[in-house]
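Open the model in your viewer and keep the selection panel handy. We will walk through it one stop at a time.

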Amino acid sequence: MSRAEEFQELRPLLFSIAYRILGSVSEAEDAVQETWLRYEATPAQPASAKAFLSAVVSRISIDVLRSARVRREEYVGQWFPEPLLTDPYADPARSAELADSVSMAALLLLERLSPLERAVFVLREVFGFGFGEVASAVGRSEAACRQLSVRARRHMDAGRPRFEADREEREQLAERFFDAFREGEVDGLRKLLAADVRLIGDSGGKAPLWKPVFVGAEDVAGVLATLVSLFVRAGAVVEPREVNGQPGAIFRDRDGRVLNTLALDILDGQIQTIRTVINPDKLRHLGPVGDAWAVIRAANQARRPTD
């Protein structure tokens, strides 16, 4: 097998490692491309292409994350990861860990870790690399990596919900949610929301956002009903999709361009958190991006009485 063929075979794994470390589709793709350039330029053939490439993409991602942290501290409003519709890497033996680790909630927990802790956690806990491989990847001793892993796991476990929702139950509840959402049924929406549900938006200051966070079933149900009314008047559509391994949706304008994504956190038979990404810079990998301001103008125009 040629180097190019080896690399293409391992590309899904490399992207999945980089995305979990970086929380960015575009930065993960750049890290994977840089990994290929370094692999291509390496004189000797590594004993294990998987170990070598995983180490390289991890080191690149750690460096990128360190510089990205400064930008994220200056980010306008709430920062969310770039939404991922499909994880390219699949491993039946680790399907639960892979699905859990790509959720918005898990990626936001990973943000609390140092870049080294994050990389160690991703390689060890998510992808099952041995501590020897992890140590080689991050340039630390095995003993240091074990300590980093313990600290990272402790932080992650402390922030995780105690009970996970059954996948089938979660999908059924999400279906009911989007049915009620399309109809603008405030009562129907309210019944599906936890009493302290939160609706949080990430616009980066580049798209319309009424306020960063709405809290409580009454307020959130009202906002959602208003949203769907606005979208319907502007000819926009809601396309249910899995977003970061969770039930969610893509909102599109009348021409099919992406306006925002929405992801649901479901626990104990209720929706606990709704996260929406409306920053156009974080949506470009999903296809042509629409103008959310134009959608609001069109909705307001449609609402005005004609002479």
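Here is a tour that goes from the sheet to its helices, and then on to charged and aromatic side chains. Keep in mind along the way that this is a predicted model.

**Stop 1: the sheet**

Switch to a cartoon view and find the open sheet, which is built from six strands. Read across, the strand order is 2-1-6-5-4-3, with mixed pairing. Now colour strand 2 (213–215) and strand 3 (237–243): these are the edge strands, and each of them pairs on one side only. On average, neighbouring strands here are turned by 20° against each other, direction ignored.

Next, select residues 193–202 and 270–277. These are strand 1 and strand 6, which pair in the parallel sense over six bridges. Which residue of strand 6 is the bridge partner of G201? Pick T276 and you have found that partner.

**Stop 2: helices against the sheet**

Show residues 167–183, which make up helix 9. Helix 9 packs on the sheet and touches strand 1, strand 3, strand 4 (246–252), strand 5 (258–267) and strand 6. Its direction makes about 130° with that of strand 5.

Then add helix 11, residues 217–233. Helix 11 lies across strand 1, strand 2, strand 4, strand 5 and strand 6, and runs at about 50° to strand 1.

**Stop 3: rings and charges in helix 9**

Stay on helix 9 and display the side chains of F177 and F181, which sit four residues apart, about one turn of the helix. Are these two rings stacked or edge-to-face? Their centres are 6.2 Å apart and their planes are at 15°, so the pair counts as stacked. F177 is buried, at 0% relative accessible area, and F181 is buried too, at 1%. Widen the selection to F178, F231 and F251, and you will see a cluster in which ring pairs link these residues with F177 and F181.

On the same helix, select E171 and R167, again four residues apart. They form a salt bridge whose closest N and O atoms are 3.8 Å apart. E171 is partly exposed at 40% relative accessibility, and R167 is partly exposed at 39%.

**Stop 4: a residue in strand 5**

Centre the view on D265 in strand 5. Is D265 buried or exposed? Its relative accessible area is 14%, so D265 is buried; the cut-off for buried is under 20%. Leaving aside residues up to four places away in sequence, D265 touches A105, Q246, Q270, I271, Q272, T273 and R275. For a sense of scale, draw a distance from its C-alpha atom to that of A47: the separation is 42 Å, across 218 residues of chain.

**Stop 5: salt bridges across the sequence**

The whole structure has 23 salt bridges. As background, side chains of opposite charge can pair when their charged atoms come close.

Select K282 and D202, whose closest N and O atoms are 2.6 Å apart in a salt bridge. This pair links distant parts of the chain: K282 belongs to the loop between strand 6 and helix 12 (292–303), while D202 belongs to strand 1, 80 residues apart. Both K282 and D202 are buried.

Now pick K206 and D281, which meet in a salt bridge at 2.3 Å, N to O. K206 is in the loop between strand 1 and strand 2 and D281 is in the loop between strand 6 and helix 12, so this pair ties together parts 75 residues apart in sequence. K206 is partly exposed, at 46% relative accessible area, and D281 is partly exposed, at 35%.

**Stop 6: R72 and its network**

Move to helix 3, residues 49–73, and select R72. With 14% relative accessibility, R72 counts as buried. Beyond residues up to four places away in sequence, R72 touches L22, E27, L65, W79, E111 and R118. Add R71 to the selection: a network of salt bridges links E27, R71, R72, E111 and R118.

**Stop 7: more rings**

There are nine aromatic pairs in the whole structure. One of them is Y39 with F52, whose ring centres are 5.7 Å apart and whose planes are at 40°, so the pair is tilted. Y39 is in helix 2 (residues 25–41) and F52 is in helix 3, so the pair ties together parts 13 residues apart in sequence. Y39 is buried at 0% relative accessibility, whereas F52 is partly exposed at 23%.

Finish with two charges over rings. R3 lies over the face of Y39, 5.0 Å from the ring centre, and K50 lies over the face of F129, 5.4 Å from the ring centre.

Technical notes. Residues are numbered from 1 along each chain as its sequence is written. This is a predicted model: local features need pLDDT of at least 70, side-chain atom pairs count only at pLDDT 80 or more; totals for chains, interfaces and linings use all residues. Side-chain values use heavy atoms; hydrogens and water are left out. Two strands pair if DSSP finds at least two bridges between them. Helices (H or I, at least four residues) and strands (E, at least two) are DSSP runs, numbered from the N terminus. Axes are lines fitted to C-alpha atoms, for helices over the stretch in contact, and angles run from 0 to 180 degrees between N-to-C directions. Contact means heavy atoms within 4.5 Å. Buried means under 20% relative accessible area, exposed over 50%, partly exposed in between (1.4 Å probe, protein chains only). A salt bridge is a side-chain nitrogen of Lys or Arg within 4 Å of a carboxyl oxygen of Asp or Glu. Rings of Phe, Tyr and Trp (its six-membered ring) pair if their centres lie within 6.5 Å; planes under 30 degrees apart count as stacked, over 60 as edge-to-face and the rest as tilted. A charge sits over a ring if NZ of Lys or CZ of Arg is within 6 Å of the ring centre and within 35 degrees of the ring normal.
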